[in-house]
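This report describes strand pairing, burial and internal cavities in a predicted model. The account begins with one pair of facing residues and widens from there.

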Amino acid sequence: MLRLGFPTRNYAAASPLRRLPFRVRTGGADPFQKRTFRLFGPKVDILAVYLVTGAICHSFVCLREFEYVIVENEYNKNHKLLFFLPGLLHQDESSSNIDHILSYKSNSNQILDDVAGSVPTNLSKSRPLYCMHYSMHPFLGSMEITQILLNAQAVDGTVRKHAEESLKQFQEQNLPAFLLSLSNELANNEKPVDSRKLAGLILKNALDAKEQLRKAELVQRWLSLDVSVKSQIKSCLLQTISSPVPDARSTASQVIAKIAGIELPQKQWTELIASLLSNIHQLQPHVKQATLETLGYICEEVSPQVVDQDQVNKILTAVVQGMNASEGNTDVRVAATRALYNALGFAQANFSNDMERDYIMRVVCEATLSPDEKIRQAAFECLVAISSTYYDKLASYMQDIFNITAKAVREDEEPVALQAIEFWSSICDEEIDILDEYGGDFTADSDVPCYYFIKQALPALVPMLLETLLKQEEDQDQDEGAWNLAMAGGTCLGLVARTVGDDIVPLVMPFIQENITKPDWRQREAATYAFGSILEGPSPDKLIPVVNVALNFMLTALMKDPNNHVKDTTAWTLGRIFEFLHGSTLETSVITNENCQQILTVLLQSMKDVPNVAEKACGALYFLAQGYEDSSGSPLSPFFQEIIQSLLNVTHRDDAGESRLRTAAYESLNEVVRTSTDETAPIVTQLLPVIMMELHKTLEAQKLSSDEREKQNELQGLLCGCLQVIIQKLGASETTKYGFMQYADQIMELFLRVFACRNATVHEEAMLAIGALAYAVGGNFIKYMQGFYPYLEMGLQNFQEYQVCAITVGVVGDLCRALEDKILPICDGIMTQLLKNLSSNQLHRSVKPPIFSCLGDIALAIGENFEKYLIYAMPMLQSAAELSSHAVATDDEMLEYANQLRNGILEAYSGILQGFKNCPKTQLLMPYAPHILQFLDTLYNEKDMDDAVMKTAVGVLGDLADTLGSHASTWMNQSVASKEFLEECLSSDDPSIKESAEWAKMAISRAVSV
Amino acid sequence: MPPPEVRRSIKRSAVSDQQRRRELALLRQTQQRSDSQNRARRLASSVFTLSSSSSSDLILPDKDILTRAADSEEHEAHLDESVAPARELNVVQASKLKGREARQWFARQLMLPEWMIDIPPKLDRDWYVFARPAGNRCFVVSSNGTTISRLRNGSVLHHFPSSLPNGSRTRDSSGPASSYCVLDCIFHEPDQTYYVIDMVCWRDYSLYDCTAEFRFFWLNSKLAESGACNSPSTYHRYRFSVVPIYDCNQAGLHAAYSTSMPYTKDGVLFFNKHAHYQTGNTPLALVWKDNYCSQYFLDTDSQGLVPTQQQVVLEMQEDGKLTTSDDPPVVFGSLEVDFIQKSEFRAGNLLRFAIKDESVRVVDGKLELGDLQFISKSNRARAFADSYSKVFFQYAARHSPLKIEDIAASILPNLPDDSPIVDVEMGS
């Protein structure tokens, strides 16, 4: 069955069976022996056993090699469906059992429809299908759950492992009983707090998962539980929030919210919020606190549309009252403030009402002045959330908010002050987005107008932020994840510069001039940091004169300043100068042929400095090289050899592992290679064997500790990445290609050895490099296929590290284009794996669209030889097309995914159609054409495809006509896509859509006129 | 303390080079997929078929076929037939041909209108009409940064830079370097302009199998876009121009026939809207002339004078039969064996004859020439014999020409769309 990772809604159809997503398991054991059933134990409820015809194999993707298929109901492991494939009918030893099964004949076609959803309609009705119903009572165990839960937290590994195993078994054998005992455990005030907490945690994990698909499965599983079981669990949970034990209350709150997140959208558990609100009036503060916390979590879990306004009003009233200074209990106030943070998204209507908004804002602002630090921090977090959710409602509060935040930034504890700075960063984000949408056209009627809060606050805001820059920590540059007042302040200053542009320059310059030469390193660093922060945003005209003056000073500071922090920030600032004020897109660059050499000398020298400074110098070199990306004669060319040697030296430093120095050096090396010109091509060619040697050395290293191995892997990844860049560079031009071809054999040999190391990043990099190599080598790549194929297959099977799988799929495309029909011998293997991948729910969904595109690549490469895959690929494409065209785009992300999928499917159709063009077998595609057209029609009617899909879709329209000729014309006439959609594309502003549309129009005109 | 999730320190770079490598690789793959897709889409749709009568010493770009043929001498006799399907060249391959091969190949690429000897039905509905510019028909191919025009007999007229796609070596030409286009033109000497009367390929997309309706639509929307209609410049030696094309109703016919055009007229062309571009003679494109719209109503001889007797050019076949250039050829007579031997004519020679008016008969609407009088071998530059329709038209022109009034009469006067057929509501 095809699995694309859409929300399970797609399964929701009339039949109860169809609502169950099934996991397909396959095997070769003799399933007709009675013991086979026992394989799943007496606890298994086998709903039905189907004997299936060969035809159904389509839906299970190339399962011919297997003898039986077990389809599990993933929400209830006790429900399984067994499918037997017909080949077995002829096996003597099992014939007696077959008789047994044959006797349970039923309306099997109906069931098959229910089960598969994607069963091809051409399934032969004449073939008998048999089914039997085999039911068992679920096993109800009575275990001492408390002890197991405690053991599961034991220090002793064996005890712990055993307990975990028991829990897992219990869960698999009888989920309802398992969940029920956990909730009883959690609710029981007699039980130890540790077993209660773990019980709650397991409950929570049984309801939610990070991974989207897993999450959807858990939701379905919960919904399919017996109602009485669910209501028992829920009443246990509600009871727990009144418990005197804080941990038990808090855990229960979270579980309640998870259940609410599942049930409220289904219009179930509608009484929940009312019953919680009734708790608010209880006098016991701990109940009140837990209730507010629960309400907060619920708001975090469910979307605002799910709760009606009346209930929202009641929740907000309870929450805001709880925040009010009149509430005496601090814990209640903290819980209420945090709850408000989550409830803000529900308050659309309330924020549109002046009186209600004033009230909420007043309470929040007052809370920022509370004597309790936790309340102040939570209140500022609310302000940050308000700044992005209700930006357009803030105008009348900005003066007050400025005063509050300024006070907090200057006087409060760091966590509170950081939130106060974050408020301004968040306002910048909003205004940058709005101004971006304006696109410089200020008459545009954007949804949200820009209030220019930052511009207005500028004179006071900038000095406040500049003050924070002086509050550095001693070791901040050595620590990757460091975050403090100075860093937050500089980051905010950078955002302010992007928001207001030129206006910031005169406000910051005096600070820089005053501090940059001071004896205290903090002042020099802060001045440099301020300078670096404002380099993005203001116009080059405004900045270039300043930078021209400062450049020499910076270069000197990088060489001579005694303080590492100052040098670190100076090198970073130089990088920012090169990033924003140098490059072919600018009219005047701050870099001239004259100062380029001086800059280079300083950077190369600085690369020998302490690791954090050297890392920033490498970064600066990266942007210096990038600026020459599109220029024909780079002034770096005369120093090319020296640059490369210096970077290689950096990678060999003993301390290159610190401050990600080695990575930075390789990144710069890559960029230097990417931007190199023809004149330096011989040096790049010479670099190739050097990097190959480095990689070779890493492969020779033996007996490494796990720590050393990890470092080794990282290095191999970097080297493969570097080789990839070199290959792509040299392979792109005919003149340089020749020089590098002599190394192709050795490079390939190295890559194959790299695959022997088990490390995802290394595999990914090596795969990418091989793709580039295949493209450069072309048809001759065939000689490496025998050695490479096992790793290709391995990559396609790597579901765990799905990035590797995705890259490998892309490499299959490269191979198709390089080898063309020479790829045929390995196509069976690749196609089987690709189709399996499409059916897998283990594989990350982002890999599925490229797999479809890859089917198109294969078809285009092997042409009519694709015939034998049609019966597998086409049904897959059809069901995917259906799922993707009716995808419920709940959010932008889902819509984007649906569009990627559509694009992939269409590229597959395109490749298949073009592959069959001009061959006698074209008529094989005829049966699929109406569906493809229907898909295009649906896409057109849904009106939510993006430009890329539009281009591919209109191209497919042309491909249909081009390949099927006059046969397509009848269908064409009935399709809106071929008329309105085509017209729309023909008048598109996007030249690539227009071009595709013109091609389609021509192809159609040829087809209908034959 | 780590920064909040949404906030990244300004000092930490936002994009990793690994991510960049991934994106660049994806970009490269997407680009290459789209390239192969486009290559496939352009493939085979622009294949021209060489006529089977072409000579076997043709230089084929496909070396395999040559080697295979050379391997076995005895197969040579069957070579023509056996490799015929492989003898499909597209215009890019053909443009690499040289000399005689090139001339032979290109001589067969033009669509040749028949002469109008009777009026096709539904002229107003199914046909276009336009005034034919006076001048030489030519086949214009732009590719590889140059443009070459070839006359009807395949010989080169001009070799020049143009603004057609890939028609000159300018850097900013849009589209891939391999792109090409093919136009059917008439070169009009007085204003040194190529008047485009049909579009055969445009930016690699073949229009052979498209209807005239579509081809003209495309021609009108694309040609100007390319800049080919601009005045001559360094990279654009000759101006190209479209001709006004009309629906063949009363107004259209009148416009084509009597309105003055920026060019000298040489007759009127009729194109069937639904016809594809078909090489060689076709009855779906027709040419018609009279003295008003053409200086060349009656054929002239080498001195430019109208001979007293009608002359025809016919091709001599192996068996001495004299035929027209039609497919299948129409036989108008034959030469006697001893005459052939004496004059050393060979099959395929084009011979000029005079015909005696009184010997000509029209039987069942078919023209029969009685007494053919040999005059001379035809001019070497000629590639084809006359077509049947031409002979017939010229005969008719001398006796009872098809007049513009006849054509106009066959077209119903057009009713305006809002013709005053008004429903009268009763009892109002």
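Val141(B) stands opposite Val182(B), a residue of strand β8(B). The two residues belong to a pairing between β8(B) and strand β5 of chain B (residues 136-143), which is antiparallel and spans eight bridges. β8(B) also pairs with strand β9 of chain B (residues 193-202), again in the antiparallel sense, through seven bridges. Within that second pairing, Asp184(B) has Asp198(B) of β9(B) as its bridge partner. The connection between β8(B) and β9(B) is a hairpin with four residues between the strands, and Gln192(B) in the turn has a positive phi of about 50°.

Strand β8 of chain B covers residues 180-188, and nine of its nine residues are buried, so the strand is largely enclosed by the rest of the structure. In a regular strand, side chains alternate between the two faces of the sheet. In β8(B), Tyr180(B), Val182(B), Asp184(B), Ile186(B) and His188(B) point one way, while Cys181(B), Leu183(B), Cys185(B) and Phe187(B) point the other way; all are buried.

A separate topic is the open sheet of chain B, which has five strands in the order β3-β14-β13-β4-β12 and mixed pairing. Its edge strands are β3 (111-115) and β12 (246-247), each of which pairs on one side only. Strand β4 of chain B (residues 127-133) runs antiparallel to strand β13 of chain B (residues 265-272), and six bridges join them. Here Val129(B) has Phe270(B) of β13(B) as its bridge partner.

The antiparallel pairings described above are listed below.

| Strand pair | Bridges |
|---|---|
| β5(B) and β8(B) | eight bridges |
| β8(B) and β9(B) | seven bridges |
| β4(B) and β13(B) | six bridges |

For chain B as a whole, the secondary structure consists of eleven helices and 21 strands. The chain has 428 residues, of which 47% count as buried. Its exposed area is about 22,100 Å², with 51% supplied by carbon and sulfur atoms. Of the contacts in chain B between residues at least 6 apart in sequence, 67% join residues at least 24 apart.

The last topic is internal space. There are four cavities of 30 Å³ or more, and the largest cavity holds about 70 Å³. Residues lining the largest cavity include Ala625(A), Tyr628(A), Leu636(A), Phe640(A) and Val672(A), and also Ser634(A), Ser637(A) and Thr680(A). The lining divides into five nonpolar and six polar residues, with no charged ones.

How values were computed:
Residues are numbered from 1 along each chain as its sequence is written. Chains are lettered from A and ligands numbered from 1 in the order in which they are written. This is a predicted model: local features need pLDDT of at least 70, side-chain atom pairs count only at pLDDT 80 or more; totals for chains, interfaces and linings use all residues. Side-chain values use heavy atoms; hydrogens and water are left out. On a 1 Å grid over the protein atoms alone, a cavity is a set of points where a 1.4 Å probe fits but cannot get out, and a pocket is an open set with protein on both sides within 12 Å along at least five of seven lines; lining residues have an atom within 4 Å of a point. Grid points are joined across faces, edges and corners, and a volume is the space filled by probe spheres set on the points. Ala, Val, Leu, Ile, Met, Phe, Trp, Tyr, Cys and Pro count as nonpolar, Asp, Glu, Lys and Arg as charged, and the others, Gly among them, as polar. Buried means under 20% relative accessible area, exposed over 50%, partly exposed in between (1.4 Å probe, protein chains only). Contact means heavy atoms within 4.5 Å. Accessible areas come from the Shrake-Rupley method with a 1.4 Å probe; for residues, only the protein chains shown count as cover. Two strands pair if DSSP finds at least two bridges between them.
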